[in-house]
Amino acid sequence: MTDLLYSEIEEELRASVRALLADRCPPENTLARCETGEPYDRALWQTLARDLGAASLAVPEEAGGAGASVREAAVVLEELGRAAAPTPYLGSAVLATTALLALVEDADGGDGGAEAAKLLASIAAGERTAALVVPLSAMPGTGAFPPAVRADSAGTLTGTVTSVADAAAADVLIVPAEGRDGPGLYAVEATAAALAVVPRTSLDLTRPVADVAFTGTAARRLAGAEQAPAALERALLTGAGLLASEQLGIAEWCLTATVAYLKDRRQFGRQLGSFQALKHRLADLWLEVVGARAAARYAADALATADPDAPVAVAVAASHCGELAVRAAEECVQLHGGIGMTWEHPAHLYLKRAKADQIALGTPDRHRAALAALVDLPVPVG
Amino acid sequence: MPPANTPVTDPDELRRRTQALLAEHDPAVTEPLDFLRARYDAGLAWVHFPHGHGGLDAPRALQAVVDAELAAAGAPGNDPGRNGIGLGMAAPTILRYGTEEQKERFLRPLWTGEEVWCQLFSEPGAGSDLAALATRAVREGDSWVVDGQKVWTSSAHNARWAILIARTDPDVPKHRGITYFVCDMTDPGVEVRPLRQITGEAEFNEVFLTGVRVPDAHRLGGAGEGWKVAQTTLNNERVAIGGQRMPRESGMIGKAAATWRERPELRTHGLHQRLLSGWVGAEVARLTGERLRQQLTAGHPGPEGAGMKLAFARLAQELSGLEVELLGEEGLSYDDWTLRRPETVDFTGREAGYRYLRAKGNSIEGGTSEVLRNIIAERVLGLPAEPRTDKDLPWKELAR
């Protein structure tokens, strides 16, 4: 039976991550960092990935990981969302890791598989940081392998992929590319010649995106047409499903911060939180957060157990949690009044993360459209 | 053999006792009522109740063990839908506050369904503000004489007994002057009139109480303590809603989705968007309920239950409204406006128009959605209560 609760181990993991983030990642640090040339907190990321082992959770022990599952990774994402933490967890420990894990589990015994295994082990150990070179807006289940990058017979890559999450923090890029014999997955060192990673001025200050341009860049082929499309799909599906947990964490922070503010703030001679018009809005928001927790847990569990219902679980979670995080952040800004509109208050970090997350890995609207086919509610003809 | 009155916690022991009941009272040849009485006396009615009152002091979760054995044997049930108020609200209150004599008298026929119960709580002037109620009960010797008017009373026309709250002291603030009684619905001073709803039928009643005599022996809890006693009743009402596991597409979404699948000619793009949103909402609510159930089973009940009814009401209203609109011209017709007196209510029964109208009640009955939002805001989120001017005033001085 689907387990929608948190295990004791998961709660312990949550407590460690939360304590680390409370200590090392208060909003004022993140705010101070986000306009510098170093938007990622690399020291925090090292502690999280290397010392806490958070990058290895979904990787089996025989592949160099902790042998937990994406359920535990989802708990880490909840906490990272709650802190709007500037770490490349989604790009490295979720998207790139899932793609490599799919190659390792489906290894054909070739050189590429061995290379993928080596990369996976070093990423899981927190020694290296990776990014999956797709636009962050890429949607699972669309079937088409992105043709933006071409690989020639010598294995060099040409083409540009826009809006790639966590690319600027990566020291190795996992690149879907179209070769002469069909789609493949390639690894490119961030230090390679003929490679440009150009950060965009990003809406989300805590997970910036970058354009990645390959101009005859040397690459190592990890997998070909037999494995690459499935590995990419699994990465996108897992990413969309686990992002729901990050969105839950964002919404929880926004709700908690808003409730605390409305208890504290007095106008008209009474606490703002005693006005029914505001209480009802927060009660509704709370109810949606409760629903988000159930939906996000179900998606994480379905992905962890390779449940055939996983595509439905992910579409439901992505649709609900994607809308919820934005609504929670918008309510947070509005109910904080003037202070919510200031750069100084961290509410905007959550609003920007929530709005970018709404687009990431498929918008709620696209996920609902995907459900139409998954649960047989066909689109009208004409 | 453990001593009598020891809690039974072993599922195998419950199975053994259930099989013994079935062996002694073969359902194939036993009158259903005789079987139900024997089941009650064997402590297998509601196993979490005490020994001697239909239970075995067992964990509540073990009821499923007994029910499965009995269902497999084709044993008759007690038709709980006919006596929801009795089973869900009166019984836990009697158990908590009743005297031994009251438990002995009332619980067994309540559980078997021989005696149906109703609830005389709401009044025309006391809905969400229930504590403002004005029905008076005046002590006369060994009895109380009750005068007043109650409303929204389902099952009053079938009921043998009612749980009743009435004002016994108008000189103290409203929450403190209320007393809780068991009222005999066959008393000549009780008049039940059907209250017709927007669906055309009359599930509910108005109940007029004129000089009704309630023996003091039918008081539940102390005089003036009725509000506290009523909290047990109302908390159980909320527990009763949304407790069991639901398959995907249960309830209103199943109806709307079925119409969508069967009638391609009715489909439009705008309704498709709303249907998909509703499907997601229904699935999220289902998962929320399932998670709540898992928390209860694990012994960690959360506050999430308070929100389930709110979510359920909103979805039922959205999806039933969507279905009528989807039906287009057919949505212009209604199946039947005849005044009916249904014994049980099926929110997903009849046709789309009925479901749409009946769903309007989902956000009103059993605590309006507005009151539930207050409860969530104050008890779950810890937000302060609205300032209240009536809290400490004697009831008789309140503006009405």
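These are my notebook entries on two chains, taken from a predicted model.

**Entry 1: domains of chain A**

I began with how chain A is divided, and I found domain 1 at 8–124, domain 2 at 130–227 and domain 3 at 230–374. I then looked up the centres of domain 2 of chain A and domain 3 of chain A, which, taken over C-alpha atoms, are separated by 29 Å. Across this pair, 17 residues of domain 2 of chain A are in contact with 20 residues of domain 3 of chain A. On the side of domain 2 of chain A that touches domain 3 of chain A, I noted eleven nonpolar residues, four polar ones and two charged ones.

**Entry 2: domains of chain B**

For chain B, the domain assignment gives domain 1 (7–77), domain 2 (79–224) and domain 3 (241–367). The centres of domain 2 of chain B and domain 3 of chain B, again over C-alpha atoms, are 31 Å apart, and twelve residues of domain 2 of chain B are in contact with 14 residues of domain 3 of chain B. I wrote down the division of the domain 2 side of this contact as three nonpolar, five polar and four charged residues.

**Entry 3: where the chains meet**

Next I turned to the contact between the chains, in which 34 residues of chain A are in contact with 37 residues of chain B. Which elements of chain A give two or more residues to the side that touches chain B? I found helix H7 (228–264), strand S10 (270–271), helix H8 (276–304), helix H9 (310–335) and helix H11 (364–374) of chain A. Of these, H8(A) gives the most, with 14 residues. By residue type, the side of chain A that touches chain B divides into 19 nonpolar, eight polar and seven charged.

**Entry 4: two helices of chain B**

I then followed helix H4 (residues 84–97) and helix H5 (residues 100–112) of chain B, whose axes come within 10 Å and cross at roughly 160°. An angle over 145 degrees counts as roughly antiparallel, and therefore H4(B) is roughly antiparallel to H5(B). The crossing in which H4(B) passes H5(B) is left-handed. From H4(B), the contact is made by B:Gly86, B:Ala90, B:Ala91, B:Ile94 and B:Leu95, and from H5(B) by B:Gln102, B:Lys103, B:Phe106, B:Leu107 and B:Leu110. I sorted the residues of this contact into seven nonpolar, two polar and one charged.

**Entry 5: the buried part of H7(B)**

In helix H7 (residues 252–262) of chain B, I looked up burial and found that B:Met252, B:Ile253, B:Lys255, B:Ala256, B:Ala257 and B:Trp260 are buried. What do the buried residues of H7(B) pack against? They pack against helix H8 (269–297), helix H9 (305–327) and helix H10 (352–359) of chain B.

**Entry 6: two residues with positive phi**

Last, I looked up backbone angles, and A:Ser163 has a phi near 55°, which is a positive value in a residue other than glycine. A:Ser163 is found in strand S3 (residues 156–165) of chain A. Is A:Ser163 buried or exposed? A residue counts as buried if 20 or more other C-beta atoms lie within 10 Å of its own, and A:Ser163 has 20 of them, so A:Ser163 is buried.

B:Asp57 also has a positive phi near 55° and is a residue other than glycine, but B:Asp57 is found in the loop between helix H2 (32–41) and helix H3 (63–72) of chain B. With 17 C-beta neighbours inside 10 Å, B:Asp57 counts as partly exposed.

Conventions. Residues numbered from 1 in each chain as written. Chains lettered and ligands numbered in written order. Predicted model: local features only at pLDDT ≥ 70, side-chain atom pairs only at ≥ 80, totals over all residues. Axes fitted to C-alpha atoms, helices over the stretch in contact; angles between N-to-C directions. Helix = DSSP H or I, 4+ residues; strand = E, 2+ residues; numbered from the N terminus. Parallel < 35°, antiparallel > 145°, perpendicular 65-115°, else oblique. Left-handed = near helix turned anticlockwise from the far one by under 90°. Contact = placed C-beta atoms within 7 Å. Nonpolar A, V, L, I, M, F, W, Y, C, P; charged D, E, K, R; others polar. Buried ≥ 20, exposed ≤ 12 C-beta atoms within 10 Å, placed from the backbone. Domains from an automatic or database assignment.
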